[in-house]
Amino acid sequence: MGESGMRVADVLGGTKTLGERPKNTDDWMALIETGLPAAAAEAIKDVVGLDDPTLAVVLGVSIRTIARARSTRDGRLDSVVSDRLYRLARLVAIARVVLEHDDKAVHWLTHPQPGLGDRRPIDLAKSEPGAREIENLLLRIEHGVYS
């Protein structure tokens with residue numbers, strides 16, 4: 001997990017948002033089960049330039065669910081939404097590494113890609129099969145086999 005987990009943590013706001021950085025898979029699993037802070041959703045919105053409606057669609061929740069998490073005392077998302085947020089952050093982190101520039105990664109994630117049937121990666125990120133398709137395409141790009 002090491003470096004990739006650190007990159008995911010950065011996308012989710014780093015220590016400012018998460019407190020202590022998760023160090024391994026067990027740490028991430030515990031954090032997701034407890035619920036990621038709503039501030040992590042705000043951080044990823046800032047990184048990718050998403051608005052509330054788009055983030056809500058990707059996470060499979062209503063805008064009110066996100067707003068409610070922000071306003072609760074502990075400000076945590078439930079474990080299902082936290083898992084989806086982690087999945088999105090992982091994709092953003094992979095795109096940043098493969099495309100070697102944050103702005104290129106954001107543009108790639110938010111614009112139609114021929115290798116994804118001219119769909120936007122951000123739209124596919126709302127499901128595990130879609131996320132896997134995005135990852136596979138990024139791996140092909142990384143290895144020079146763009147299709």
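The largest nonpolar core in this predicted model has 45 residues. If you want to find its busiest spots, look at Leu12, Trp28, Ile44, Leu85 and Leu88, the residues with the most contacts inside the core. Helix α7, which runs over residues 79-99, supplies the largest share of that core, with 11 residues. In soluble globular proteins, nonpolar side chains tend to be buried together.

Leu85 is a handy place to start. Setting aside residues up to four places away in sequence, Leu85 touches Leu12, Leu36, Ala40, Ala41, Ile44, Leu59 and Leu77. Ala40, Ala41 and Ile44 bring us to helix α4, residues 38-48, where they are among the buried residues. Also buried in α4 are Ala38, Ala43, Lys45 and Val48, so there is a lysine in that list, buried because its relative accessible area is under 20%. Just after α4 comes Gly49, with a positive phi near 80°.

Now back to α7, this time with helix α3 (residues 25-34) in view. Two packed helices are described by the angle between their axes and the distance between the axes. For α3 and α7, the axes come within 7 Å and cross at roughly 135°. Why call α3 oblique to α7? Because an angle has to be over 145 degrees to count as roughly antiparallel, and 65 to 115 would be roughly perpendicular, the crossing of these two is classed as oblique. On the α3 side, the contact is made by Trp28, Ile32 and Glu33, while α7 brings Ser79, Ser82, Asp83 and Tyr86. Sorted by class, that contact has 3 nonpolar, 2 polar and 2 charged residues. Trp28 is worth a second look, since this α3 residue is also on the list of those with the most contacts inside the core.

Helix α7 has a charged story to tell too. Arg90 lies in this helix, and at 17% relative accessibility it counts as buried, because the cut-off is under 20%. What does Arg90 contact, leaving aside its neighbours within four places in sequence? The list is Val8, Glu128, Arg132 and Glu135.

Those last two residues take us to helix α10, residues 128-142, where Glu135 and Arg132 sit 3 residues apart, about one turn of the helix. An α-helix has 3.6 residues a turn, so residues three or four places apart point the same way. The side chains of Glu135 and Arg132 meet in a salt bridge, at 3.6 Å from N to O. Glu135 is buried, with a relative accessible area of 14%, whereas Arg132 is partly exposed at 43%. Salt bridges that share partners join Arg87, Arg90, Glu128, Arg132 and Glu135 into one network.

Side chains of opposite charge can pair when their charged atoms come close. The structure holds 11 salt bridges, and a couple more of them are worth a visit. Glu20 pairs with Lys23, with the closest N and O atoms 2.3 Å apart. Both ends of this bridge are exposed: Glu20 has a relative accessible area of 62%, and Lys23 comes in at 54%. Arg120 and Asp123 form another, with 2.9 Å between the closest N and O atoms. Here Arg120 is partly exposed at 28%, and Asp123 is partly exposed at 34%.

Key
Residues numbered from 1 in each chain as written. Predicted model: local features only at pLDDT ≥ 70, side-chain atom pairs only at ≥ 80, totals over all residues. Heavy atoms only, no water. Core = buried A, V, L, I, M, F, W, Y, C linked by side-chain atoms within 4.5 Å. Buried < 20%, exposed > 50% of the residue type's maximum accessible area, 1.4 Å probe, protein only. Helix = DSSP H or I, 4+ residues; strand = E, 2+ residues; numbered from the N terminus. Contact = heavy atoms within 4.5 Å. Axes fitted to C-alpha atoms, helices over the stretch in contact; angles between N-to-C directions. Parallel < 35°, antiparallel > 145°, perpendicular 65-115°, else oblique. Nonpolar A, V, L, I, M, F, W, Y, C, P; charged D, E, K, R; others polar. Salt bridge = Lys/Arg side-chain N within 4 Å of Asp/Glu carboxyl O.
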